[in-house]
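Please look at the model below before reading on. The questions that follow take up one topic at a time.

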Amino acid sequence: MRRYRVLCMIIALLFLGAVIVVNISLQAEKEQLDRPYMVEIAGLAERMNAEGSASLDETGEGNLPERNGCRYVTAVIPCEKESDLVAAGTEDYCIREVNGQLYRFEYRTGSNRTRMTVIVNSVLTGIGLLLFGVLFYVGAKIIAPFHRLEQVPGELAKGNLSTPIPEDRNKFFHRFIWGTNMLRESLEERRERELEMHRDKKMLLLSLTHDIKTPLSVIKLNVQALQKKLYRDEERRGRALTDISGKVDEIERYVTQIVAASREDFLDLTVREEEFYLSDLLRRVRDYYSPRLELRKTEFRIEEYRDCLLAGDEARLEEVLQNIIENAVKYGDGERIRIETGREDGCVLISVANTGEALGQDEMWKLFDSFYRGSNVGRQPGSGLGLYICRRLMANMNGDIFARYRDGEFIMTVVVRMS
């Protein structure tokens with residue numbers, strides 16, 4: 001958007017320069033075309049020198065220009081006193097001395113350049129207004145909406161599928177927004193299927209480890225029986241003991257690998273360390289959600305705050321806040337969502353508060369568990385991993401996240417280190 005403003009400024013300067021050049025050209029042409037009246041005045045003055053006052057009419061005012069077929073000089077008037085030297089009319093004039101008498105020669109330029117200049121400038125003004133109107137319309141209806149959408153593909157590519165698509169009635173981007181929303185929903189459904197598959201796999205691995213441990217216990221008991229020489233055949237006892245012991249070690253290795261695999265996190269929750277301003281983070285959150293929540297008739301505001309420099313992963317922290325606000329939208333009553341900040345022990349506390357989200361106190365400590373969904377979810381879709389991911393991300397950034405009730409509001413607070 002900034003580059004577009006610079007482009008508009010350059011176009012404005014070029015247009016202004018063109019207007020100045022056109023006016024200078026018109027003025028130069030006007031001065032060139034206006035010179036012939038001097039020839040007529042000089043000719044009339046010479047005739048008056050030769051003919052004297054006989055060249056004028058009885059009133060002393062000249063029909064001399066008319067008799068001589070002048071195109072530019074309209075009247076020749078003798079000046080008896082100083083006031084006569086100043087013309088009362090609107091035509092141009094000049095003063096000449098002829099035979100010791102001062103005369104005022106009134107003339108017109110013969111070219112309607114002043115009117116032409118007015119017309120040209122009026123046309124240029126109209127063109128300028130039309131041009132800048134088009135630029136303003138393009139900026140407001142095309143460039144600005146596209147600027148709000150330019151970060152969406154990047155967020156989707158990073159896997160941040162909770163990124164809201166700004167809802168706009170703009171006719172130029174309606175199908176684009178619709179298609180992008182379909183893409184986001186498709187990716188979100190695919191990720192939910194993958195999470196479901198990973199959850200089933202994890203449950204299967206845990207079940208297998210449990211099932212394997214039972215025969216392991218039996219095998220170990222048999223090994224102990226063999227070691228106690230309960231079998232009569234010594235060779236058989238030794239061979240069975242060796243085989244069973246080897247199988248036990250092999251199964252135990254498998255069990256160890258299965259348990260380790262089941263405990264590995266299948267989500268990419270890496271973060272990077274950087275510095276960023278609180279105002280930049282909250283500005284992006286406001287730009288994302290203000291239009292959407294305005295359409296939903298939900299009051300959304302960010303309380304006053306002091307700007308500061310934070311430490312952590314700005315994109316990941318924005319993802320955490322988006323996840324929290326999405327939960328507030330889905331599970332709240334839609335009346336109010338607000339963001340407030342505070343400071344404590346070198347950290348900034350960013351709190352998202354909403355009305356209407358009812359959870360039992362016994363559920364508060366389970367909110368951040370993987371695959372857990374609260375009792376208030378109803379028919380809302382979800383995987384139960386959103387807040388779990390938020391907690392892991394904040395832990396990786398050496399921060400924290402917690403939830404509480406206060407004054408009828410459900411408040412989710414993110415703790416971020418200050419730089």
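Q: Does Lys220 count as buried, partly exposed or exposed, and what is the class called?
A: This is a predicted model, and the value for Lys220 is computed from it. The relative accessibility of Lys220 is 39%. Buried requires under 20% and exposed requires over 50%, so with 39% Lys220 is partly exposed.

Q: Which residues does Lys220 touch, not counting residues up to four places away in sequence?
A: Lys220 is part of helix 6, residues 174-227. The C-alpha atoms of Lys220 and Ser245 are 8.1 Å apart, with their positions 25 residues apart along the chain. Once residues up to four places away in sequence are set aside, the residues that Lys220 touches are Val248 and Glu252.

Q: How many helices and strands are there in the protein?
A: The protein has 419 residues, and buried residues make up 36% of them. Among contacts between residues at least 6 apart in sequence, 66% join residues at least 24 apart. The helices number ten and the strands number ten.

Q: Which strands are the edge strands of the open sheet of five strands?
A: The strands of this open sheet follow the order 5-7-8-10-9, and their pairing is mixed. An edge strand pairs on one side only, and this holds for strand 5 (299-302) and strand 9 (400-406). Neighbouring strands are turned by 20° against each other on average, direction ignored. The edge strands are therefore strand 5 and strand 9.

Q: What is the bridge partner of Ile302 in strand 7?
A: Strand 7 covers residues 336-344 and pairs with strand 5 in the parallel sense, over four bridges. Within strand 7, the bridge partner of Ile302 is Ile339.

Q: Which helix lies across strand 7, strand 8, strand 9 and strand 10?
A: Helix 8 (residues 278-295) lies across strand 5, strand 7 and strand 8 (347-355), and runs at about 170° to strand 5. The helix asked for runs at about 180° to strand 10 (409-417) and covers residues 314-331. That is helix 9.

Q: Why is the pair of Tyr289 and Phe300 classed as stacked, tilted or edge-to-face?
A: A search of the whole structure finds three aromatic pairs. In this one the ring centres are 6.5 Å apart and the planes of Tyr289 and Phe300 stand at 50°. Planes under 30 degrees apart count as stacked and over 60 as edge-to-face, so at 50° the pair is tilted.

Q: How many residues apart in sequence are the parts that the pair of Tyr289 and Phe300 ties together?
A: Both Tyr289 and Phe300 are buried. Tyr289 lies in helix 8 and Phe300 in strand 5, so the pair ties together parts whose separation in sequence is eleven residues.

Q: Which class, stacked, tilted or edge-to-face, fits the rings of Tyr405 and Phe410?
A: The centres of these rings are 5.4 Å apart, and their planes stand at 70°. Tyr405 is partly exposed, with a relative accessible area of 29%, whereas Phe410 is buried at 3% relative accessibility. Since planes over 60 degrees apart meet the cut-off, the pair of Tyr405 and Phe410 is edge-to-face.

Q: What is the phi of Asp345?
A: Most residues other than glycine have a negative phi. Asp345 is in the loop between strand 7 and strand 8, and at 75% relative accessibility Asp345 is exposed. Asp345 is not a glycine, yet its phi is positive, at about 55°.

Q: Where is Asn398 found?
A: Asn398 is not a glycine, and its phi is positive, at about 60°. With a relative accessibility of 55%, Asn398 is exposed. Asn398 is found in the loop between helix 10 (386-396) and strand 9.

Q: Which residues of the largest nonpolar core touch the most other members?
A: This core has 43 residues. Among the elements that each supply at least two residues of this core are helix 8, helix 9 and strand 10. The residues that touch the most other members are Ile401 and Val414.

Q: How many disulfides does a search of the whole structure find?
A: A disulfide is a covalent bond between the sulfur atoms of two cysteines. Cys94 is buried at 13% relative accessibility, and Cys390 is buried at 1%. The number of disulfides found is zero.

Key: Residues are numbered from 1 along each chain as its sequence is written. This is a predicted model: local features need pLDDT of at least 70, side-chain atom pairs count only at pLDDT 80 or more; totals for chains, interfaces and linings use all residues. Side-chain values use heavy atoms; hydrogens and water are left out. Two strands pair if DSSP finds at least two bridges between them. Axes are lines fitted to C-alpha atoms, for helices over the stretch in contact, and angles run from 0 to 180 degrees between N-to-C directions. Contact means heavy atoms within 4.5 Å. Rings of Phe, Tyr and Trp (its six-membered ring) pair if their centres lie within 6.5 Å; planes under 30 degrees apart count as stacked, over 60 as edge-to-face and the rest as tilted. Buried means under 20% relative accessible area, exposed over 50%, partly exposed in between (1.4 Å probe, protein chains only). A nonpolar core is a set of buried Ala, Val, Leu, Ile, Met, Phe, Trp, Tyr and Cys residues joined through side-chain atoms within 4.5 Å. A disulfide is a pair of cysteine sulfur atoms within 2.5 Å.
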